[in-house]
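Visitor: Got a minute to go through this one with me? I'd like to start with charged pairs and then move on to the interface.

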There are 2 protein chains.
Amino acid sequence: MEIVGKSHRRYDALYKARGKAVYVDDLYFPHMLYAGVKRSPYPHARIKKIDPGGLKGKREIFFVSYEDIPGANKLPIIFDDWPVLAPGVARFAGEAVVLVAAPKKEMIPELLDEIKVEYEPLEAVFDPELSMKSKVRLFGDNNVFASYYYDTGDIEKGFREADVIVEDTYRTPYQEHAYIETQGMVAVPTPDGGMEIYGSMQCPFYVQNAVAEVLGIGMNKVRVVQMETGGAFGGKEDMPSQVASQAALLAYVSGRPVKLIYSREEDILSMSKRHPGIIKSRVGAKKDGTLIAVDTTYILDSGAYATLSPSVLWRGTVHACGPYRVPNVRVRSYAVATNKVPCGAYRGFGAPQVIFAMESQMDRIAEELGMDPAELREKNLVREGDTMPFGHKLTGSVGALETLRKAVEKSGWKVKRKTYGKEEGFKKRGIGLATIFYGVGLGAAGKHLDRSGAYIQITEDGKVAFAVGTTEMGQGMKTALAQIVAEELGFRYEDVAILPVDTSRVPDSGPTVASRATVMSGNALRNAAKPLRETLIKIASELLSVPPEKIELKLGDVYVEGSPKMPLNKLIKEAYRRREHMASQGYYVAPHTSWENKEGGEAYMVYAWATKIAEVEVDLLTGEVKVLRITSAHDVGKAVNPTLVEGQIEGGAVQGMGYALMEDILTEGGKIINNNFSTYIIPTIVDAPEIIPIIVEREFDKGPYGAKGFAEQPLMGIAPAITNAIYHATGVRIKELPATPERVFEELLKAGKVELWKEK
Amino acid sequence: MEIVGKSHRRYDALYKARGKAVYVDDLYFPHMLYAGVKRSPYPHARIKKIDPGGLKGKREIFFVSYEDIPGANKLPIIFDDWPVLAPGVARFAGEAVVLVAAPKKEMIPELLDEIKVEYEPLEAVFDPELSMKSKVRLFGDNNVFASYYYDTGDIEKGFREADVIVEDTYRTPYQEHAYIETQGMVAVPTPDGGMEIYGSMQCPFYVQNAVAEVLGIGMNKVRVVQMETGGAFGGKEDMPSQVASQAALLAYVSGRPVKLIYSREEDILSMSKRHPGIIKSRVGAKKDGTLIAVDTTYILDSGAYATLSPSVLWRGTVHACGPYRVPNVRVRSYAVATNKVPCGAYRGFGAPQVIFAMESQMDRIAEELGMDPAELREKNLVREGDTMPFGHKLTGSVGALETLRKAVEKSGWKVKRKTYGKEEGFKKRGIGLATIFYGVGLGAAGKHLDRSGAYIQITEDGKVAFAVGTTEMGQGMKTALAQIVAEELGFRYEDVAILPVDTSRVPDSGPTVASRATVMSGNALRNAAKPLRETLIKIASELLSVPPEKIELKLGDVYVEGSPKMPLNKLIKEAYRRREHMASQGYYVAPHTSWENKEGGEAYMVYAWATKIAEVEVDLLTGEVKVLRITSAHDVGKAVNPTLVEGQIEGGAVQGMGYALMEDILTEGGKIINNNFSTYIIPTIVDAPEIIPIIVEREFDKGPYGAKGFAEQPLMGIAPAITNAIYHATGVRIKELPATPERVFEELLKAGKVELWKEK
């Protein structure tokens, strides 16, 4: 391979660094209006009256309430239950109630004030466990949006046979996506009665579907264009459908372009987060460390609407027992409605919560048995040929053990495990690890959406452009795909251009989530490239009088038996002269997956594996945890661009560290009170530890050049690696995230581990 | 057929009527600059110095002269000879010399004034016949850009055998396209170093190529989007490449979006026109009217640069002898450089000039023989199986005779031919006819460009959108193609949406000229529809347990043996559930054509045929000619939308009438002096005669549903039909167009035909 596997410069690096990238808020259209959203201050309330006051009929001022929606007041996603505007009842504090648009942005706050909404507050429920038994009715009989389960072996027998059993409840918090760019959309009415949407998003086809439904028009008349997207992390999966629909409604009633950009405050207040989780875990093992039984109950606090909760829950369910051979398993999971902000997708998608529990439990087992935690994993990690606890027999691309071994070796685990924690003074070091897996793609629960299109166009001057339906949100997809296109067709990397992501360029390609873009769009591009390459090679074969199988296209030249014989652009000129079709649509459908509650199944097309080792220093006087070093080893199938893989590993490590130690959404009466970055603290560059990325390549036979999805895993497992390291440093186990100084200090105090300052 | 052949409402009718269409001048981009062009006042001059005066280095003011062009200063078309900016020498009055951009449009005239250009005037040549012998060197040895010829039979023998010979020289004038919307472009630099172009144009792929060449960047980074285009008529074939390149140069140097909209004055001054022509014609016939010899010398005044002249000349050459069987033919043609505005494409593309000559000559032959002009045509018009004078044996779709017979019948020709001209008083009526043919598509001279792409995308809600690479400029292409897509896939017409024309959506689809869009894009769409229809029918066959061949998709339903069994949208939902590929790229390559000078060849894929009958009233006191009625019969292969065909017939008739009677570009020292619509007169609604359209359908076996190209023919032949009618009314033959009152009066005077007002 000439291009794939090399660290080409990011396609978007230079122009982003130079400030040339165009974000949605950089857009302006003639006669554009600016929009704002009036939101419910109550977590649960009947809307008795909406009174626009003196603004009604005012020139160039437009309102929309739920009664003005021409189509459906529901965003299509799974249950299609989240309305664009509260339909008579608001179910969380921050829910959108009225939309307003005006010619100047500065007018919006005052206009929002002038609209009076009369509420009748209703009883609300905030705790998912209480909600299941509450009289407050948010969904069905018991407020449970979704529930999954599976059983493997005989769980009771498993525990009977266990020599050691650990049992505990773990709690994980909200995590705010904290994308640099808040949600934003511009809706532009088209002459033919349609709507163009420009915005920051992961999933343009979701937005297309939503806007068409909400406006009651054909999807063929809704064209959605992704602008440069300043971070997403799952927070721009389903949410942009809300924002786009709101902008589109105002554009529809006004007949003018409408821009709606959320402030940071309303974004944190009203947009989805990582689900808080409660994980009750019981794990049994034999004396030699062999896992014999895992029983997990997983409860997600979904908030007011289901949105993606069923999917998030399903993924968490599948991932509940970690990457281990476990003969007896019982998993029960519940996504429960509460009167809080709806939760949704976030890097890891329901897995980080259960991983925190399982990897904490693994360390407890190791401790009980007096084993090295790495050894315990070594013993239990799945190998090729093994069957996952949920019933998927692994036939290839299983690099779990290799990530463990490499991370252990590279981190100096064995020595540090012995030496750390024995420091003089009040700062104690510890080293901890976690091993994870991640099902790539939408899996069986989302299989109907798991297909992608791609388009390639070769220009007469010997260059190429392509379009896909998955999006760049900072993860490096553009670059990886440009490398794949260059490799497939023999272009130099710099001769590849990328077309805007636009729902009308390729068919519905599913969401850009679940670490699926490289595999899905990569394969769709390979399929698109195939007829083009065949045409070019056929012509080259004629021109050079060489059989086609001896011809290779690479790096801008036509090669015969290893020597360049002709520039590629000359060959392309000839193809144009012959009027060959130099454009192609490719399509790719994800491989087989299956799932049944109880039995489980072949949940995902392939799995990625990783081991995280964290080294921390805990200040016994303050409870502050400093992360010194993270070693993160990932089986990515094939690193299309190693530098980008390393970048992902680094970014994910820091984001996982935020989840472990800092990030802490606080609510009061169900309402988020720390909705800005002065009170919701995320890690910055000064918090970033040394990060040692390790790339393991166990090729995925159905992936492009062996690649499998990767973008989410870097965050996953960081939290338990850190809390396991804290335990190693201090002997204190953190069972609820984040491990803020306050919480750690409290645990240290309880355990009598605080050393008071002693003057020498 | 359910949709094709029916007069569905124009796709763009409502939104154009409501003022919702978005033209280039409606666009605004943040930080956009406005541009202007400083032009040479001299028809031929050396540029000694360009001095930006006090503007140099001024904030937010940008200049470009030919020395600042990063790529090639030549627009790629045929010889690629027209520079974007005069490269040291200006060769016509109005040629672009310096570009300027500023933040406000109002600043531009003053900025243009402030730039001082020093010229050294050079000797200039304005007459093409003089130019061929002039010392002024504009091109090669003799200023002849291009020359074609062919010989059939033995021309000398032909004339020896002729019983009657007519010989004359005919002259035709410039014709200004007079599109409602002047030329305009916006260039927007893209973050990745490319350029997006939005504008009014016929040929986005020409613009893409030009901008890439001029900026020296890859075509894969130049994306050209056609905006609603307010008329074109050939004037937006090559010219928009100029305008776009100018805007792009300023966008390139400034790094900002740049809008350049031509004023009417500079548009008429500097943009291409229909070539003035000189046609020397000698025609011989036997006593019974059989044509025996045609000798034509055709000279086009090309102006300063070749641009499309070779193509225009070639088409005129092919069309020189009309739609007649002529055994002995000699055609010689020349496109000659002069120091005037370059001429280019205009509806008819070099044919209207020779048609004027040939159809005048036909009437002269008829007169010499005492035959009815219609009978003379009847005798000589080609039939299926005949060979055209340039060597193309006609195998089908030859409706020439039928158009003649229907027009003659419908117009009441026979009676009027006898009664007209015998009126009392000073107003005399006449009726005249002309029969024409037109080679559809680019033909052998442009065959390398004669292919088109198309894209169809079916959305999950059971609707469809498509994209093509040919453009709507008012001719009705969108509607015709939407009907074809609906017909092919069984959609209702209203469920079809059309995507923007954008060079990155389909491969280079050639220019939108030569009446080729319906055939080329129509066939490309049919090819795109094929796999989609097959997939849908396969699924329907399974769902309905009926063999595929019994299933029809039409009007939004799935039919089995004539009865609707299932809504199409339900079938499409199922296809989506199965993850079928619901998008497709189609491609179509034009059928075989060939050409060799001397022998001629199979010049075009198919020919369209028409007969025009004009009825006029000539005022003997003023020379004013009033057109009373035009009967226009066209063999269109198949009228995809009969109302649109009739609309074209009407528009073309009026435009042809302008060419015949009114439109008269005046030059002084080579410079156009009547460059606005107060002095360049075109017909208005009050001049429009009654127009009787007749549709003849001799299906073209390779056309979509039998359709063949049509948009240009309505203008063609109108002029000679009118001048033949003038002759019928007055006995005066107009050999030079336009037949303005002044010219007609002068001819009447010369011929002693003026009746002075006699008081009774």
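Visitor: What does A:D363 form with A:R377, and how far apart are the closest N and O atoms?
Guide: A salt bridge, in this predicted model. The closest N and O atoms of A:D363 and A:R377 are 2.6 Å apart.

Visitor: Where do the two sit in the chain?
Guide: A:D363 is in helix α9 of chain A, residues 351–369. A:R377 is in helix α10, residues 373–380. The two residues are 14 apart, and the pair links distant parts of the chain.

Visitor: Buried or exposed, A:D363 and A:R377?
Guide: Both are buried.

Visitor: Next pair. What is the distance between A:D25 and A:K259?
Guide: Their closest N and O atoms are 3.0 Å apart, and the pair forms a salt bridge.

Visitor: Which parts does that one tie together?
Guide: A:D25 lies in the loop between α1 (13–17) and β1 (33–39) of chain A, and A:K259 lies in strand β12 (258–261), so the bridge ties together parts 234 residues apart in sequence.

Visitor: And why does A:D25 count as partly exposed, and A:K259 as buried?
Guide: A:D25 has 38% relative accessibility, so it counts as partly exposed. A:K259 has 5%, and under 20% means buried.

Visitor: Switch to chain B. What do B:R330 and B:D295 do?
Guide: Their side chains meet in a salt bridge, at 3.1 Å from N to O. B:R330 is in strand β15 (328–337) of chain B and B:D295 is in strand β14 (291–303), so parts 35 residues apart in sequence are tied together.

Visitor: How accessible are B:R330 and B:D295?
Guide: B:R330 is partly exposed, with a relative accessible area of 26%. B:D295 is buried, at 15%.

Visitor: Which residues do salt bridges with shared partners join into one network?
Guide: A:R10, A:D12, A:K16, A:E228 and A:E472.

Visitor: How many salt bridges over all chains?
Guide: The count comes to 104.

Visitor: And how many across the interface of chain A and chain B?
Guide: Two. One of the salt bridges in the model pairs A:R505 with B:D502, with the closest N and O atoms 3.1 Å apart.

Visitor: How many residue pairs are in polar contact between the chains?
Guide: The count is 28, with both residues at pLDDT 80 or more.

Visitor: Which elements of chain A give two or more residues to the side that touches chain B?
Guide: There is one helix, α5 (204–215). The strands are β17 (451–459), β18 (463–468), β19 (496–498) and β23 (583–589).

Visitor: Which gives the largest share?
Guide: β23(A), with six residues.

Visitor: How do the residues on that side divide into nonpolar, polar and charged?
Guide: 26 are nonpolar, twelve polar and 17 charged.

Visitor: How many residues does the contact take from each chain, and what is the buried area?
Guide: The contact takes 55 residues from chain A and 55 from chain B. About 4200 Å² is buried between the chains, and carbon and sulfur atoms give 56% of that.

Visitor: Which residues of chain A lose the most area to chain B?
Guide: A:P191, A:N220 and A:R579. Together they give 19% of what that side buries.

Visitor: Last topic, confidence. What ipTM and pTM does the predictor give the complex?
Guide: An ipTM of 0.96 and a pTM of 0.97.

Visitor: And the mean pLDDT of chain A?
Guide: The mean is 97, and 99% of the residues of chain A reach 70 or more.

Methods
Residues numbered from 1 in each chain as written. Chains lettered and ligands numbered in written order. Heavy atoms only, no water. pLDDT = per-residue confidence, 0-100. Contact = heavy atoms within 4.5 Å. Buried area = accessible area lost by both parts, 1.4 Å probe. Salt bridge = Lys/Arg side-chain N within 4 Å of Asp/Glu carboxyl O. Polar contact = N/O pair within 3.5 Å; in protein donor to acceptor, adjacent residues only side chain to side chain. Helix = DSSP H or I, 4+ residues; strand = E, 2+ residues; numbered from the N terminus. Nonpolar A, V, L, I, M, F, W, Y, C, P; charged D, E, K, R; others polar. Buried < 20%, exposed > 50% of the residue type's maximum accessible area, 1.4 Å probe, protein only.
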